[in-house]
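User: I am new to this structure and would like to understand how its descriptive labels are arrived at. Could we go through some of them, one at a time?

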Amino acid sequence: MAAGPQPSAVRPPSAADIGPLIEAAVGRWYLPRTPGGPRIVGVDSETITRGVSGAEVRRHTVHLSGSGRVVRLVTKMSDRTERMALAHLNAQGHGSVPASHCRRPERAGPDWLCLQDLGDTGRPDVLSGIPEDMLASEITGLAAIHAANLGAAAAGLGDWLPPADRGYAASMIEEIVWRPNWDSAVAQNDFHEEFSSWLPRVEAAAAKVADEMGALYAEADTRTLVHTDVNPGNVLVHGGRAYFIDWADAHLGPFYLDLPHHLHTAQLAERYRQALAAAGHHVASADFVERWRVAARYTALRNMWWAIEAWREERDMAGWVLHYFGMLDA
Ligand SMILES: Nc1ncnc2c1ncn2[C@@H]1O[C@H](COP(=O)(O)OP(=O)(O)OP(=O)(O)O)[C@@H](O)[C@H]1O
Ligand SMILES: [Mg+2]
C-alpha cells in the first residue's frame with residue numbers, strides 16, 4: 001500500500017519571519033482591502049524586555065503610506081499553549097486580552113506571536129491603591145473569561161490545555177517555586193529571627209496544599225481556562241482598562257486559582273463572585289469563600305519567593321513577606 005503524505009518538516013521560526021508576520025497582522029487589523037489603499041512603508045523595531053522567561057519581546061512602530069499614520073505592534077516568541085489560549089480568547093471576543101495574530105496557533109513548538117501593543121503602564125501592586133474603574137474592568141474581564149469557558153465549554157479545552165491538578169500544584173510548590181526558595185531562606189539565621197513565629201505555619205500550609213488544590217481541581221463545575229500567573233507584571237493598563245497578557249502558563253483548572261493574588265481579601269474576592277454571577281455562573285457565598293481560601297494559600301506559597309528574595313536584599317521588604325504569610329490565614 002502506498003504511504004500517505006509525509007508531514008513536511010516544520011522549519012523553526014527565525015527573525016526573518018517577523019516582517020511577514022507584522023505585514024499579515026497589519027493587513028488583518030488596520031488596512032482596508034482596497035486597491036491603492038494605505039500600505040506599510042517602514043517599520044522601526046526595539047526590544048522591550050527579555051522577560052523572566054528569557055523570551056525577547058519587541059515593539060514595532062509600523063509607518064503606513066498616505067496619512068503618515070503609525071500603528072504599534074508587539075512580537076514575542078511563544079509556546080503553543082499561549083498562542084492557542086490567545087486565539088481562543090480572541091475568538092470569544094474578550095476585551096481584556098490583547099488581539100493576537102500568529103501563523104498557525106496549533107503548530108507544535110515555539111513560534112512568533114504578534115500582539116496588540118498595550119503600552120507600558122502596569123497594574124499597581126496589590127498594596128498600592130488602584131483606581132476603581134481599573135479594578136472593576138479587571139474583575140469583570142477575568143469573570144467573563146472564566147464564565148465563557150466553564151461547564152460544557154471546558155470539555156474541549158483539555159485537548160490543548162494542561163491540567164492544573166494535584167500533580168501540577170505539587171510540582172509548582174515542591175519543585176519549581178516554593179520549596180527551593182524556602183529551603184535556602186530558612187538556612188539563614190536572620191530569616192529565622194525575623195519570621196520565627198510564621199515558619200511552622202508556612203510549612204504546615206505547604207504540607208497540605210497539593211491535596212487541597214487537587215480537591216479543587218476534582219470539582220468539574222469550576223474548571224475553566226485559567227491564566228495561573230495573575231500578577232501585576234502580567235496585567236497592563238490601556239485606556240484605563242486592565243488587560244491580561246502572558247498566557248504562557250494557561251491551564252485547565254479551577255477559576256479560584258486566578259483570584260487571590262490581586263483579589264487578596266474576602267471583600268475583593270466577593271466582587272468577583274458577583275461578577276461571575278452576573279456573567280451567568282452563581283456560586284453560594286460560603287462555598288466560594290472556602291475555595292478562595294484554599295487558592296489563597298496556594299497563591300501565597302506560589303508567589304512568596306520574590307518577596308523573600310527582595311527581603312534578603314532590602315529589609316524594608318518585610319511587609320511584602322508578611323503580606324504573603326498573612327494570605328495563608330486569609
Ligand atoms: N501586548 C503587549 N503590549 C505591550 N507590552 C507588552 C505586551 N506583551 C508583553 N509586553 C511587554 O513584555 C513584557 C514581557 O511579556 P510577557 O509577560 O508576555 O512575557 P514573558 O517572557 O513571559 O515575561 P515574564 O517571564 O517576565 O513574565 C511585559 O511585562 C510587557 O512589558
Ligand atoms: Mg510575564
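User: Why does Asp246 count as partly exposed?

Analyst: Keeping in mind that this is a predicted model, the relative accessibility of Asp246 is 24%. Buried would require a value under 20% and exposed a value over 50%, so Asp246, at 24%, counts as partly exposed.

User: What makes Asn234 and Asp246 donors to the magnesium ion (ligand 2)?

Analyst: Asn234 through OD1 and Asp246 through OD coordinate the magnesium ion at 2.1 to 2.2 Å, and because a donor here has to lie within 2.8 Å of the metal, these atoms qualify. Asn234 lies in the loop between strand 6 and strand 7, and Asp246 in the loop between strand 8 and strand 9, 12 residues apart. Asn234 has a relative accessibility of 8%, and therefore counts as buried.

User: How do you know that Lys76 is buried?

Analyst: Its relative accessible area is 12%, and since the label buried applies under 20%, Lys76 is therefore called buried. Lys76 is found in strand 3, which spans residues 70-78, and, leaving aside its neighbours within four places in sequence, its contacts include Glu56, Trp112 and Asp246.

User: What makes the pairing of the side chains of Lys76 and Glu82 a polar contact?

Analyst: The two side chains come to 2.9 Å, and a polar contact needs a pair of N or O atoms within 3.5 Å, one able to donate a hydrogen and the other to accept it, so the distance satisfies the cut-off.

User: Why is the pair of Trp182 and Phe325 called edge-to-face?

Analyst: The structure holds 16 aromatic pairs, and in this one the ring centres are 6.1 Å apart with the planes at 75°. Centres have to lie within 6.5 Å for a pair, and planes over 60 degrees apart count as edge-to-face, so both conditions are met. The pair links distant parts of the chain, with Trp182 in helix 5 and Phe325 in helix 10, 143 residues apart. Trp182 is buried, with a relative accessible area of 0%, and Phe325 likewise counts as buried at 0%.

User: How do you know that the charged end of Arg315 sits over the ring of Trp311?

Analyst: The charged end of Arg315 is 3.8 Å from the centre of the Trp311 ring, and because the limit is 6 Å, together with an angle within 35 degrees of the ring normal, the distance fits the label. Trp311 belongs to one aromatic cluster with residues including Trp182, Phe195 and Phe325.

Key
Residues numbered from 1 in each chain as written. Chains lettered and ligands numbered in written order. Predicted model: local features only at pLDDT ≥ 70, side-chain atom pairs only at ≥ 80, totals over all residues. Heavy atoms only, no water. Helix = DSSP H or I, 4+ residues; strand = E, 2+ residues; numbered from the N terminus. Buried < 20%, exposed > 50% of the residue type's maximum accessible area, 1.4 Å probe, protein only. Contact = heavy atoms within 4.5 Å. Phe/Tyr/Trp six-rings, centres within 6.5 Å; stacked < 30°, edge-to-face > 60°. Donors = N, O, S within 2.8 Å, 3.2 Å for Na, K, Ca; no water.
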